[in-house]
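Colleague: Could you take me through the empty spaces inside this one, and what lines them? I'd like a close look, and then whatever else you can tell me along the way.

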Amino acid sequence: MRLLVVEDEPDLRRAVVQALTEENFAVDEAADGAAGLHKALVWEYDAIVLDIMLPVKNGWQVLEELRRQKTTPVLILTARDAVIDRVRGLDGGADDYLVKPFSLVELIARIRALIRRVAGQASSIIELGSIVINLSNRTVTKSDEAISLTAREYALLELLALHRGKLITRTMIYDHIFGEDDDSLSNLVDVHVSHLRKKLGAELIETRRGQGYIIHD
Ligand code: CA
């Protein structure tokens, strides 16, 4: 899953990006509202963490302009614990908010819940035959046996599973799994798919030649 963090305070931005990266999200960052809006419009993020008090364009402006074009889930960060802020945020098209200071653990939990909610996935468990994916702790079992996946393999499986029944193109995979700073050699989707098939069964992921991949419901 790929995220964008728009936050102008360098220490906070660094801490958030690091925490999310450690959770195996691909994370892009922006230090002001204009740069954040540009990235949000160019890339397909699974969710955006958007500070409100930002230079160049503030978070409200970013949200307003983003919502004219895209429905990317947005979690706003607000320094002021004012009811009017939250109401304005949720009215203005934000999907969730956190009041500063917040715990990184809560931020991560909220982002995961947000991504699940938008995918129409109420439960944190996805069952695909004998394969069970736990989205909360990112574990996978097959016939009750724990299966060890790399971060990339898990991210790819999660993306296909959250959108099961739908064709996921290679472009979508690149957009959602890899951050803008990822080196291209580690980005070989075919290799990750082949590893997933070895670990979880050849029938799990169908290849649509020239189009992409699909996990059937
Ligand atoms: Ca700020």
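Modeller: In this predicted model, there are two cavities of 30 Å³ or more. The largest cavity holds about 70 Å³ of space. Two elements, helix 5 and helix 6, each give two or more residues to its lining, and helix 5 contributes the most, with three residues. Going round the wall, you meet Met1, Phe25, Arg112, Ile115, Arg116, Leu135, Glu158 and Leu162. Sorted by class, that lining has five nonpolar and three charged residues, with no polar ones.

Now for the space that is open. The largest pocket has a volume of about 300 Å³. It is lined by 18 residues, and those closest to its centre are Tyr45, Asp46, Val118, His163 and His176. Helix 5 (104-118) and helix 6 (151-162) turn up again here, joined by helix 7 (170-177), and each of the three supplies at least two residues of the pocket lining. By class, the pocket lining has ten nonpolar, four polar and four charged residues.

Since you're looking around, have a look at the calcium ion too. Its protein donors are Asp8 (OD), Asp51 (OD) and Met53 (O), at 2.1 to 2.3 Å from the ion. Along the chain these donors are spaced as D-x42-D-x1-M. Asp8 sits in the loop between strand 1 (2-6) and helix 1 (10-22), while Asp51 belongs to strand 3 (residues 47-51), so the pair ties together parts that are 43 residues apart in sequence. Asp8 is partly exposed, with a relative accessible area of 26%, whereas Asp51 is buried, at 2% relative accessibility.

One more residue to click on is Lys70, in the loop between helix 3 (59-67) and strand 4 (74-78). Lysine or not, Lys70 counts as buried here, because its relative accessibility is 14% and the cut-off for buried is under 20%. What does its side chain reach? One partner is the backbone oxygen of Leu41, at 3.0 Å. Another is the side chain of Glu44, through a polar contact of 3.0 Å. If you set aside neighbours within four places in sequence, the residues in contact with Lys70 are Ala40, Leu41, Val42, Trp43 and Glu44.

Conventions:
Residues numbered from 1 in each chain as written. Predicted model: local features only at pLDDT ≥ 70, side-chain atom pairs only at ≥ 80, totals over all residues. Heavy atoms only, no water. Donors = N, O, S within 2.8 Å, 3.2 Å for Na, K, Ca; no water. Helix = DSSP H or I, 4+ residues; strand = E, 2+ residues; numbered from the N terminus. Buried < 20%, exposed > 50% of the residue type's maximum accessible area, 1.4 Å probe, protein only. Polar contact = N/O pair within 3.5 Å; in protein donor to acceptor, adjacent residues only side chain to side chain. Contact = heavy atoms within 4.5 Å. 1 Å grid on protein atoms, 1.4 Å probe; cavity = no way out; pocket = protein on both sides within 12 Å on 5 of 7 lines; lining within 4 Å. Points joined across faces, edges and corners; volume = space filled by probe spheres on them. Nonpolar A, V, L, I, M, F, W, Y, C, P; charged D, E, K, R; others polar.
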